[in-house]
Amino acid sequence: MRTLVIACGLVAVTASAQQSQDPAAAADVATIEQIIVTATRREQTVVDVPLAVSAYDAERIELSRVTDIKELMRISPSFHINAGQAESVGVTARIRGVGTNSDNPGLESSVGMYVDGVYRNRATVGLTELGSIERIEVLRGPQGTLFGRNSSAGVVSVITALPDPDGSGYADLSVGSYGYNRLEAGLSGGVGGDTSARLDAVFFERDGFLDDVNLDRDYNNRDRKFVRGQIVFEPSDTVRLRLIGDYTDRDENCCGAVGLIAGPAAQSIEQIAKVQTGNPNTVGMVNNQPYARLAAVTENSGYLQTVEESGISLEVDAELPFARLVSVTAMRDWETFREMDVDFTAMDLGARGRIDDYKLGFETLTREFRLNGQAGRLDWLVGAYYSDEELPYQDALDFGFAYGFYSNGIAQQAAAGIGGAFDLFGARIPELEAGAAGVAHGAAGLAAGLMPFAPLLPPGFSIPMLQAQLPTFQDFPFDPWPGYETLAGGAQLFGHGAVDTFEQDSQSWALFTHNTLEFDNDFELTFGLRYTSEDKSMTANLNSSDQVCLPFSQQFLGYLGQTQAYLQGVGAYAQGLQAYVGQLAAMRAALPQFASQIPPQLLPAVQQLSQAAAGIEAGAGQLLPQLPAVVAGGQAILENPDVQEAIGGIAAYGCNPFSDPSRDGNYYGTLDESEVSGTLRLSRAVDGGHLLYAGYSRGYKAGGFNMDRSGLQSPILSLVTTGAPVLPSIDQWIFRPETVDAIELGGKFSLDNGLGLLDISLFHEEFQDYQLTAFRGFSFEAINVPEVTSKGVEIEARGGVTDNIELFGGITYADVRFGSGPEHDFRAGRQLTHAPKVTSVAGVTIGFPLGGLSGTFHVDARYTGEHNTGADLDAQKHQDAYTIVNARLILTSRDGTSPWTVDLWVQNLTDEEYALTIFDAPLQSAAYNAFIGDPRISGLSVRYDF
């Protein structure tokens with residue numbers, strides 16, 4: 001129904017334009033202003049660009065209160081962005097349902113983000129205040145021949161406002177619920193001669209949306225400061241230099257999570273939290289009521305994140321006699337420190353960066369040169385791009401006070417299950433050992449009885465001897481569970497952990513060209529080509545102070561090895577016993593033919609020995625069928641999924657992947673890649689201001705290193721799961737480059753002389769080696785999925801109903817699926833995570849008189865269809881469809897002369913409840929947490945323009 005309503009909005013745009021064919025009606029309908037874009041590095045109206053590109057001007061951005069990249073979703077249906085465990089890391093941007101889902105700095109975004117032509121090297125880095133904006137362009141599909149950096153899914157390009165040489169300024173003060181306080185101001189003007197300058201600043205504070213159920217503090221707040229200054233020098237009509245500098249400071253507690261589904265460890269967590277704090281009223285965790293917006297967090301931990309970012313860029317734009325030269329050189333420095341309560345409960349299991357050991361930064365130098373001109377019917381562009389990125393990263397995790405209690409409680413339950421299984425198995429062993437002892441006794445007696453006859457036996461006839469021996473079975477020694485610290489000889493878990501440092505250096509250069517050739521009948525052929533070279537090197541130093549893992553694992557894995565050896569010994573005993581029985585049968589068969597060589601008085605004794613051998617054969621015959629069954633039974637226990645899970649859990653809690661010392665060491669690796677990508681498009685301008693186009697593009701995103709200790713193989717855990725240790729190596733961190741082949745058909749229509757705009761695009765994109773990360777509750781995995789396909793249709797429209805009413809709307813249908821082959825495992829043929837099939841936006845702006853004032857009412861909405869929020873596509877991580885509605889009432893003077901504007905606004909008008917991401921509760925089984933969306937927030941803004 002919601003989709004139908006939005007689709008009706010799109011129809012209304014077209015219908016209103018058709019009604020304007022009546023000249024009388026046309027007089028009352030406002031013409032939609034065409035937005036000039038530079039998506040193709042040439043100034044064109046958005047209707048004239050043969051690409052799937054959306055452009056949003058300053059008025060549209062301001063009406064929907066888009067103040068940072070995250071809020072762009074309010075007006076762009078194909079664009080989606082969300083944060084995971086923090087907004088300083090783990091931000092994922094998607095276009096058409098495709099993006100790099102990662103909390104790992106080693107993976108670059110599939111969606112390239114640019115501000116004034118300068119690449120922001122991760123989606124996290126692009127998540128900042130915008131200040132005063134001229135427009136935002138969203139290019140959908142792979143890009144590589146127009147922008148400096150390759151982008152496999154699309155590009156978001158932000159163009160900020162230029163200085164006003166005539167002088168102007170503004171101040172916008174907002175207050176609202178949840179302690180919302182935001183001041184945005186700007187000042188612009190000429191500073192003499194051919195130079196003008198501009199200064200924009202934002203100061204934003206807001207309380208958090210999650211309240212700590214135990215302590216007087218909240219999470220998911222805002223505390224941001226942003227300043228951008230620029231100087232434009234125009235020494236002539238053909239040359240412009242633009243120098244921009246900006247600084248951002250963020251100091252926030254983000255992102256807390258709520259408990260969604262409690263697991264079997266919930267009761268233990270509650271008890272340990274109370275013991276830890278010494279307060280019987282302490283709440284360990286809050287479950288099953290996520291939208292009460294309550295969180296339980298360890299007292300001496302939290303989700304503090306600080307970001308400090310600065311940058312400077314110089315753009316040179318010069319009209320040469322034969323072409324236009326544009327050069328953009330930029331240097332950027334971005335750094336974050338953060339802490340994180342890793343288990344999202346009041347129980348102190350551990351923390352990341354509790355002692356300021358977690359830090360991440362990017363130091364980036366980029367240079368881009370473009371030269372474009374006209375040669376007859378050919379509009380040509382050639383360019384070069386270079387980037388040098390240094391990525392220093394230090395990750396830290398330390399065990400909390402409660403880790404030993406909690407892990408021992410989990411291990412005790414797991415050990416009881418394993419012990420119970422082995423107790424049932426061990427109950428059969430005494431009977432088996434008694435039978436083996438009887439056979440061994442008989443075999444010894446027979447051998448002793450035959451010894452006197454040895455001289456009488458013919459050559460080659462040996463006395464049967466039982467060489468095999470049944471091994472001794474060892475009961476499971478860890479039930480009751482003695483404790484990790486006990487097994488480790490008294491070593492402590494609390495106060496230990498790991499501090500891992502990484503340093504990645506990346507250099508990339510590219511040559512690209514993008515050209516348009518005009519033909520007769522308004523046809524144009526666009527062709528572009530790009531060659532990219534990528535070089536990366538990474539050093540890592542992993543240091544763990546964990547003193548428990550190695551001594552514990554020696555004992556625990558030693559027993560598992562002994563059990564396996566016991567089963568092998570039983571099998572060897574069965575083979576030896578079978579051979580002995582064969583020897584007995586051969587002896588008894590041979591005895592009659594040698595009876596003539598034996599003195600008559602000894603024949604009764606020989607007969608008795610033959611009967612004894614038959615008895616031993618009979619006993620062995622009863623024992624032999626039991627031995628394979630015993631081996632199979634023991635192996636079945638070891639291979640039982642429940643037992644394997646219990647064994648793996650015991651090993652994982654004792655050798656936590658984030659601090660496992662068997663992965664310690666110094667690592668170094670390099671990657672050298674090169675790739676050719678490009679585009680080919682055919683378009684035709686049609687009478688009436690319409691454009692039809694079809695094209696093919698190939699995109700590319702570089703491979704890299706998974707900068708996470710848990711991404712390495714553990715010799716200990718691999719021995720548990722596979723029976724053979726796998727040594728860690730740098731190769732286990734490497735993920736391959738991602739490529740995409742995309743086909744697109746589209747049309748852009750200017751309806752009734754500009755009274756309405758309609759943009760339709762059909763797309764089919766095939767990704768190879770799609771880069772994917774997933775959190776498994778204990779560790780992060782980074783893999784290349786062989787194939788992902790995104791196909792669908794996008795429709796965006798905008799139009800005037802009357803001179804005072806304007807509508808906009810957009811809908812994206814994207815069928816985004818993993819490949820169907822068996823190599824895709826459980827993902828085969830399923831929709832990607834965070835990829836709803838249907839997303840749509842719609843809005844209306846109505847102007848009206850209100851006494852001596854002029855009023856504007858604006859409302860917009862975004863519908864997000866149902867989707868799964870987990871990379872493992874767990875059914876528990878399903879999110880139903882939801883719609884977010886925002887509204888504004890803007891009042892200003894009726895004659896437009898007053899510099900004052902008053903604005904009443906509300907975000908999430910209906911207080912919709914939804915989860916951004918649902919994930920496995922860390923260090924728990926069958927438990928889930930969620931990062932949830934913002935609640936309704938309302939406020940008042942007052943703006944003064946001068």
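User: Let me start with two tyrosines. Are Tyr882 and Tyr914 buried or exposed?

Analyst: Tyr882 is buried, as is Tyr914. Buried means under 20% relative accessible area, exposed over 50%, and partly exposed in between (1.4 Å probe, protein chains only). This is a predicted model: local features need pLDDT of at least 70, side-chain atom pairs count only at pLDDT 80 or more, and totals for chains, interfaces and linings use all residues. Numbering runs from 1 along each chain as its sequence is written, and side-chain values use heavy atoms, without hydrogens and water.

User: How do I read aromatic pairs, and how many aromatic pairs are there in the whole structure?

Analyst: Two values describe a ring pair: the distance of the centres and the angle of the planes. Rings of Phe, Tyr and Trp (its six-membered ring) pair with centres within 6.5 Å; planes under 30 degrees apart are stacked, over 60 edge-to-face, the rest tilted. The whole structure has 38 aromatic pairs. Phe344 and Phe931 are edge-to-face, because their centres are 6.0 Å apart and their planes stand at 80 degrees. Phe344 lies in the loop between β21 (340-341) and β22 (350-352), and Phe931 in strand β42 (residues 928-932), 587 residues apart. Strands (E, at least two residues) and helices (H or I, at least four) are DSSP runs numbered from the N terminus. Phe344 and Phe931 are both buried.

User: Which type of pair do Tyr882 and Tyr914 form?

Analyst: Tyr882 and Tyr914 are stacked, at 4.2 Å centre to centre with 15 degrees between the planes. Tyr882 sits in strand β39 (residues 882-893). Tyr914 is 32 residues away, in the loop between β40 (900-907) and β41 (915-920).

User: Which residues belong to the cluster linked by ring pairs?

Analyst: Among them are Phe422, Phe473, Trp481, Tyr484, Phe552 and Tyr566.

User: How do I find empty space, and how many cavities of 30 Å³ or more are there?

Analyst: A probe the size of a water molecule, rolled over the atoms, shows where empty space is left. Here a cavity is a set of points on a 1 Å grid over the protein atoms alone where a 1.4 Å probe fits but cannot get out; lining residues have an atom within 4 Å of a point. The structure holds 18 cavities of 30 Å³ or more. The largest has a volume of about 800 Å³. Its lining has 41 residues, and those closest to the centre are Lys70, Glu71, Arg74, Tyr914 and Asp934. Elements giving two or more residues to this lining include β4 (79-83), β39 and β42. Strand β4 gives the most to the lining of the largest cavity, with 4 residues.

How values were computed
On a 1 Å grid over the protein atoms alone, a cavity is a set of points where a 1.4 Å probe fits but cannot get out, and a pocket is an open set with protein on both sides within 12 Å along at least five of seven lines; lining residues have an atom within 4 Å of a point. Grid points are joined across faces, edges and corners, and a volume is the space filled by probe spheres set on the points.
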